[in-house]
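Here is a short report on one protein chain. Keep the sequence and the 3D view open while reading.

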Amino acid sequence: MKSLLFRLAGIFSAEIGSELYLKLKEETLSPSLFCLDFTEVTEVTEVGWEFLRKMAERCKETGSKLAGFGLKSEVPSEQNAFFSFFDEEAECIHYLESFYIGDTPANELTPKSPQEGKTIHCPECQTLLRFKQMGDHLCPNCQSKFFVNQKGWVSTYERLL
């Protein structure tokens, strides 16, 4: 399961909202956690609130979770119904992580027998893969490299250019 932190700055309007929505839509092919840092945001426009609502709906449809923290301006009451805001980053992260307690992450299927291993989805192409131990793995379909920890959580390696 991916968990992403987006640090935002300036005015959260149509431009930032649409870019963020497209990124979130791309990342919600498998369940993910999204934490939005609003500490450097000076204002959220009406269109910005609409994009946040659309992001929350997309997350609800895909089993992902979305929350934000550090917003200096007041949150309109109708926005609280679909989006959780917190004062501190630690509170926000704790809230998001509380949805996935247990040994089986949301993107992992429970194996039928111990010999069979566990299954996960490739973080890049979403191909269903079987693994028996933690460590580095290579997707046979798209050749992307990723790491699987003891609980079966997947971390991708990003290339620096």
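## Cysteines

The sulfur of Cys35 lies 3.3 Å from the closest cysteine sulfur, that of Cys92. A disulfide needs the two sulfur atoms within 2.5 Å, so this pair is too far apart for a bond. This is a predicted model, and the distances come from its atoms. Cys35 counts as buried, at 5% relative accessibility.

Cys125 is in no disulfide either. Its nearest cysteine sulfur belongs to Cys139, 3.7 Å away. Cys125 is partly exposed, with a relative accessible area of 28%. A search of the whole structure gives the total: zero disulfides.

## Salt bridge between strands

How many salt bridges does the count come to? The count is six. One of them joins the side chains of Arg7 and Asp37, with N to O at 2.6 Å. Arg7 sits in strand S1 (residues 2–12) and Asp37 in strand S2 (residues 32–44). The two parts are 30 residues apart in sequence, so the pair ties them together.

Are the two partners buried or exposed? Arg7 is exposed, at 53% relative accessibility. Asp37 is buried, with a relative accessible area of 4%.

## Salt bridges within helices

Helix H1 (residues 14–27) holds both Lys23 and Glu27. They are four residues apart, about one turn of the helix. Their side chains meet in a salt bridge, 3.0 Å from N to O. Lys23 is partly exposed, with a relative accessible area of 32%. Glu27 is buried, at 9%.

Helix H2 (residues 46–62) holds another pair, Glu50 and Arg53. Here the spacing is three residues, again about one turn of the helix. The closest N and O atoms of this salt bridge are 2.2 Å apart. Glu50 is partly exposed, with a relative accessible area of 35%. Arg53 also counts as partly exposed, at 26% relative accessibility. Elsewhere, salt bridges that share partners join Arg7, Asp37 and Glu89 into one network.

## The S5–S6 hairpin

Strand S5 (residues 118–121) runs antiparallel to S6, and four bridges join them. Which residue in S6 is the bridge partner of Thr119? The partner is Arg130. The two strands form a hairpin, with six residues between them. In the turn, Gln126 has a positive phi of about 65 degrees.

Side chains alternate along S6 (residues 128–131). Leu129 and Phe131 point to one face and are buried. Leu128 and Arg130 point to the other face and are not buried. Arg130, the partner of Thr119, is therefore on the face that is not buried, where buried means under 20% relative accessible area.

## Lys65 and Ser32

Lys65 lies in strand S3 (residues 65–69). It is partly exposed, with a relative accessible area of 28%. What separates Lys65 from Ser32, along the chain and in space? Along the chain they are 33 residues apart. Their C-alpha atoms are separated by 6.5 Å.

Conventions:
Residues are numbered from 1 along each chain as its sequence is written. This is a predicted model: local features need pLDDT of at least 70, side-chain atom pairs count only at pLDDT 80 or more; totals for chains, interfaces and linings use all residues. Side-chain values use heavy atoms; hydrogens and water are left out. Buried means under 20% relative accessible area, exposed over 50%, partly exposed in between (1.4 Å probe, protein chains only). Two strands pair if DSSP finds at least two bridges between them. A salt bridge is a side-chain nitrogen of Lys or Arg within 4 Å of a carboxyl oxygen of Asp or Glu.
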